[in-house]
Structures are given as structure tokens and as C-alpha cells.
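Please read this briefing alongside the sequence and the 3D structure. It is arranged by topic.

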Amino acid sequence: MKAKMTAKGSRQWKTLTLLVTGIIALGFGNITASAVSNNFDQTNPFYAQSPLLFQAPPFDKIKDEDYQPAIEAGMAQQKEEVRALADNPAPPTFENTVVALEKTGQLFNRVMLVFNGVTAANLSPVLEKVQEIEAPKLAAHQDAIFLDTKLFRRFETIYKQRESLHLDPESLRLVEYYYKEFVHSGANLSDADKAELKKLNEEESSLQTAFATKLLAANKAGAFVTKDAKALAGFNQARLDGAAEAAKERKTDGYVIPLQNTTQQPDLVSLSNRPTRQAIFEHSWNRTERGDANDTREIVARLAQIRARKGKLLGFANYAAWKLEDQMAKTPEAAVKFMDDLAPGSTAKASSEAQDIQSVIDSQKGGFELQPWDWDFYAEQVRKAKYDLDEEQIKPYFELNNVLQNGVFYAATELYGITFKELTNLPVYHPDVRVFEVFNADGSPLALWYCDYFKRDNKNGGAWMDTFVSQSKLLGTLPVVFNVANFSKPAPGQPALISFSDVTTMFHEFGHALHGMFSNTIYPSLAGTQVARDFVEFPSQFNENWATYPAVFDHYAKHYQTGAPMPAELAAKLKKSEKFNGGYALTEVLAAAELDMQWHTLPAAASSENPDQFEVEALKKKQFVLPAVPPRYRSTYFSHIWSGGYGAGYYAYLWSEMLDHAAYQWFEDHGGLTRANGDRFRQMILSRGNTEELGKMYAEWLGAEPTIEPMLKYRDLLPEQGSSTSASANK
Ligand SMILES: [Zn+2]
């Protein structure tokens, strides 16, 4: 039995949707179980454990047609295993119930981990079809286990006896973990309440799908279309060609600017025609509120009601309280307080940035007041004036393989003593994929790590980490993990020169990979990155710090032709410009996180809300009233929270960031990049998965509770700095 959540990491806010793909939504489809396992073809490559090193997936043998029968057989097999366990006439014991459940579903896990990895990174029409057919069955499979009353009673009995069973701490944690999973899923409810929950889940599930479908259509319909190239003044030829190409694809004349899922649209940074900027922004802002078939307001209002009712049914004050119970923050109050502490500094900084921008507008005799659609366009001018940084100047110092070996790997070797050896004899799912064996300092094998860095049309956007084989001492497995990204692929024979943002992405995803590779747990359900959402981004964001750490930066930032180090002045500019526009970036995320939390703390008795009115009041309540800084997602196109599994969870990105900065501060205070510091971090955090209450685990490592100050300091939001007024943007 493996936990439901996988840690898909994505460092940038704009690609956050990837994080949620591993979360299985509640749903109650029909299980079409049959004795498939008896007929399962023994030549299927998933039939038995892989004979390869670390049980690596035999990609040379796996065909697209092999997945579906293996998934079906895996579900059927696990269903039989679970049935036998639940019907066991012997009284429940830790071994015959908890450990037994941990051992179920090995075929299922074997195929699902590979299936999830390959569908996200190398999708084919066959796999897409399998995904569509299997998704509801997979959700129902989970529910069939966690709402099985007979099974739950066995876990409940053990849970009640747990203090007298003399279990080791990890086993005790596993008992508690499963008990909470069952209760959280509603296993403890009366039959009548279970029936109501099931109905609510069904309605929620279909509304979530309807929301996603409408949003997809709304995004498409919201594209900006023009026949007039002058409306697109500011675009370079390549971007203009791209817009013409998009028009061709839609079989229309002129130019098409498609909508991205966030409020702000990336093209606004270069469009000098103000009415065009305004039009594109308004297409974005109103995409799901046009009173047409793509309007999501009714769905949003109903989803909020359903969730409020679910929260009450499951015994909580509201949905957020239910959702946060097993998170590090534990309560909505803690999450809200955290956001409240960030808000003043963040909005003050955004106001100061707004003043900088307004002074540019005024100096150019613009004669208007800054609006959201002006922000990126003028911020870019401020950035250029302040930092004079040219991406093309920087990239020659970041050749991908050099960054990997002399940056990402180097930092990990310095901290943890681990070493890497590229393997060319293991099969991969695409020729771009590389495989490395990772060794401990004493030379013993630790893990396999795959990387798949280049953009492909059949790959999801963004970057992430995931697992092919989970680490478990119970099952005798070592971790096989992988990183995926979407960097531009160079022409054959050319070096892959990447941006600094890409460099940071490599460190980020490798931070997730370390969390997976260092896992040293007994039970697969508690292994590696299977931790709370408000903790999972901590190791990855933390690992980003080494990208700019002088001893690491100087080791990899070298010119790909001459080997010369990056000139100090350029390096300093680069590091400084990283924090540019930070007030805006934080405020738009905070505003969205506040909206999420207010929607999900509505009481069960609340009447149906009007989303527009609700949103305005929610933001006003929290002083997010800067007219030029709208929330990153408006309620009606906030797919993370309505269809992406992040309801009451959007704050988690910022929470993890607090943990990251507090941790880095600790490293700085204790000598920085040293083996002693790395080993201690590995031993107390990175190797421990979810084997201890995460807040306690973290505080024991830090020697204190985490505070928000290091994050405020990093983001230049401490009062002394935050109140400094606008420097002239024109120098
Ligand atoms: Zn991440």
C-alpha cells in the first residue's frame, strides 16, 4: 500500500498545476473488478519485479499496450489481498493488519509509478486513452479501501491498543497514519452520513470536472485576436511569427495571443500599445465571468457549499479545518496568522514598487495612473535601468552539463559526501533521458537518479520530481527517482546554454530528488517525499540556496568556451536582480492564498455566495486593496483550489518557503556548506520521510520553532528595508 500523494515539484508559481497531478480526487465510480489477475499475461514486463539494477523500469521491454492490463490486474490483485486481510478471522495485530496492508498492491505500485512518470513526461495517444479510462477506476479503488468498514475496524482496534503494543516509533507513526487516513476519508461515519458524504463527493467530483472543462474552454475563448500588427507593437519578429502561427492553427487571419492560466499574461511585458495590454488583461480577468457557457460562478459557489458541508459532516468547523488536520500548519488559524504576518511588509513593498513604476510613467509623460496591465511593461524598464542585465550575457556561463556536474552534484557532494556515476547501459523511455547511479560517501549504493531536461511537445509544462521505485526496508527496495524539466533543446552539436532561472530549477528539483534518495524508512507509505503539502516544497526550495552560495556558484558559473569565471560585477547584478519585483510577486500569491482560505472556512450553514462580491470583500478584509496588484488567480479561474486538489492548501507554497529560509539561516549560522551540517540535515530531515510529526521533526533539527523573520529578511520585507521609499527608476 502506498500513500496517495506523490510529490511533484515545480519551482515556479506559474507552473504550480503540476504539483497537484499526483493527488487522487475523491470519487465513487463503479469498480469493475474481475479475476483479471488470474489471466494476467506473464510476459507483461510489469508482471514480476524488474531484474535490472535497483529494480529500474525495463523501458526497453515496456510497450504502451502493456500498461492497461497491468493496471487492471494490479487493482484486482490488491483488491483480493485487501479482502483477505479484512476478512481474516484472527484478531487484528500490527503484523497481520498494518504491515499486511503495507505489503499489498506491489504490482499496482510497480506499474502506476512508471505510468504516472511516463504519461507526464512522454505522453502518447494510447497512454492518454488509458489515463482517461482508468482515472475514475483508480479513484474508486482508493475509496473502496478507505471506506471499507470491516477493514477500518481492524485498524481502529490496533489504534486503540497502540500504547500497549510496544511498537518502535516508526511503526507507531504508521498505525496513527493509517487510522487518520481512514477517519479522514469518512470510514468512521454512520451509514447515513457515509451515504451523504458519498453523494457530496460524487457531486463535488463532477463539478470539479465541469469546472476544469469550462475553464479550458474559457481559456481558449479568451485569446486575444487581432488583424492589426500595430496592435502588437513591441513584439520582436519571433514573437510576432508565433502569434501568426497560433492564428493559423486556429484557422483564422491575423494574430492570436492565447491566454495563460494566471491573471497576468506574459506578453504584457513587451506590448507597448496600452489599449492592447488592457484588452488582453480584461480577457484574462473576465474569462470565466462572461455569462456564457464557460461562466464558472455557479460552480464555484456550489463547490464552496459542498465542501463546507463535507467539513461539518466529517466533524470539523469547516472544510479547511478538515483539510489542514494532517498538515504541518494543523489549523486554518495558524495558516491565516502566517499570511497575516506576511501581508503588511508585502503590500508595503508592492506599493513602493508601484511608485517606482509610476515615476517611469510620469517621466515619459504617460498621463495615466498605473493599472495592472501596465505593471510588467514598466517594471521591465525599471529592471533594466536598475540592473542593466542582459540574459544573453549570462547564458554562456551556464552550460547545462557543467551546471549539473560542477554545481548541482558538487553542492550535494560537499554537503552529503555522495558521488555520481553516469550509466549508459540502463534502458530509458526517451533518448534525452540520462541515468546516474548515486553512491554514499563510503561507496555503498544509494539510489538511481534520472534526468529528462529538454522540452518536448508530449511533455507537461514546468518541472517536477517523481519516483519510479519507492524506498522501503520492508520491501527491500532502494529509491529510483527522476527530475523532469522543459529547457530549450540546443541544435545538434550545440551546447545547452540555460538561463539562471533554469539553473535554479535544476537545484530545486534536485532538492526533491535528495528527499527521495535519502529516504531511509521501513514502510513505503512513510517514505521520501510523501509528506504534507506544506512541507514537501521545503527540501527543494532549501536546495535552491546553494545555486547562489559563493563556493558553489564560483565552481560552476564558468564560460563554456574559455572556462573563465563569471565577472564579479555581472554575478553581483545577477544575484541582486533575483529579488526584483518581489513585492508584487508575493502580494499576488498572498491575495490568492487568502481567497482560497476564506472560501474554505465558510461555515456549513452559509448561503450560496456571489463569487464577485465575495472576492471583493475577502480582499478588502485583508487589506489587499492595491488596485494595480490583483490576485494571481481570480476565484472563478483558480483551478488549483477548485479542480486541482489544493483547496485550503494554496498557502502551503509560502509556508514551505518560510521553512526553507529559516533552515538556510541555520546553515549560515553554523558554517554554511559543510559535511557536518549536511549529514545532520540528512539524518534528521531528509532521510526521515513522514516517520515523525513534521513540525516536531523540523523543530528538533532547527532547535527552535521556525519563525518568519528569515523569510522577511530574504525578501527584503523587514520594516527598515520595507519602508524605504522608491529610488528613482530613471538613473
Ligand atoms: Zn517543488
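The points below deal with a metal site, a buried charge, salt bridges and aromatic pairs.

This is a predicted model, in which local features need pLDDT of at least 70 and side-chain atom pairs count only at pLDDT 80 or more, while totals for chains, interfaces and linings use all residues. Residues are numbered from 1 along each chain as its sequence is written, and side-chain values use heavy atoms, with hydrogens and water left out.

**Zinc site**

- His508 (NE2), His512 (NE2) and Glu537, the last through two OE entries, coordinate the zinc ion at 2.1 to 2.7 Å. Donors are N, O and S atoms within 2.8 Å of the metal (3.2 Å for Na, K and Ca), and water is not among the atoms, so sites may look incomplete.
- The spacing of the zinc donors along the chain is H-x3-H-x24-E.
- Histidine 508 belongs to helix α17 (residues 500-517), whereas glutamate 537 sits in the loop between α18 (533-536) and α19 (538-548), 29 residues apart. Helices (H or I, at least four residues) and strands (E, at least two) are DSSP runs, numbered from the N terminus.
- The angles among the 4 donor atoms run from 52 to 146 degrees, and the site is irregular. Four donors count as tetrahedral if all angles lie between 85 and 135 degrees; four count as square planar and six as octahedral if opposite donors are over 155 degrees apart and all others between 65 and 115; anything else is irregular.
- Histidine 508 and glutamate 537 are buried (buried means under 20% relative accessible area, exposed over 50%, partly exposed in between, with a 1.4 Å probe and protein chains only).

**Arginine 682**

- Arginine 682 is located in helix α26 (residues 675-686).
- Arginine 682 is buried but has no salt bridge, and the nearest side chain of opposite charge, aspartate 679, is 5.3 Å away. Lys and Arg count as positive and Asp and Glu as negative; His and the chain ends are not counted.
- Leaving aside residues up to four places away in sequence, arginine 682 touches Tyr416, Ile418, Asn440, Leu446, Phe518 and Ser687 (contact means heavy atoms within 4.5 Å).

**Salt bridges**

- There are 44 salt bridges in the structure, each a side-chain nitrogen of Lys or Arg within 4 Å of a carboxyl oxygen of Asp or Glu.
- Glutamate 72 and lysine 137 form a salt bridge of 2.8 Å, N to O. The pair links helix α2 (residues 67-86) to helix α5 (residues 125-146), across 65 residues.
- Glutamate 72 counts as buried because its relative accessibility is 18%.
- A salt bridge of 3.1 Å, N to O, joins aspartate 340 and lysine 622. Aspartate 340 is in helix α13 (residues 332-363) and lysine 622 in the loop between α23 (611-621) and α24 (639-642), 282 residues apart.
- Glu289, Asp295, Arg297, Asp612, Glu615 and Arg634 are linked in a salt-bridge network.

**Aromatic pairs**

- The whole structure contains 64 aromatic pairs. Rings of Phe, Tyr and Trp (its six-membered ring) pair if their centres lie within 6.5 Å; planes under 30 degrees apart count as stacked, over 60 as edge-to-face and the rest as tilted.
- Phenylalanine 542 and phenylalanine 681 form a tilted pair, 4.8 Å centre to centre with 45 degrees between the planes.
- Phenylalanine 542 is in helix α19 and phenylalanine 681 in helix α26, so this pair ties together parts 139 residues apart in sequence.
- Phenylalanine 542 and phenylalanine 681 are both buried.
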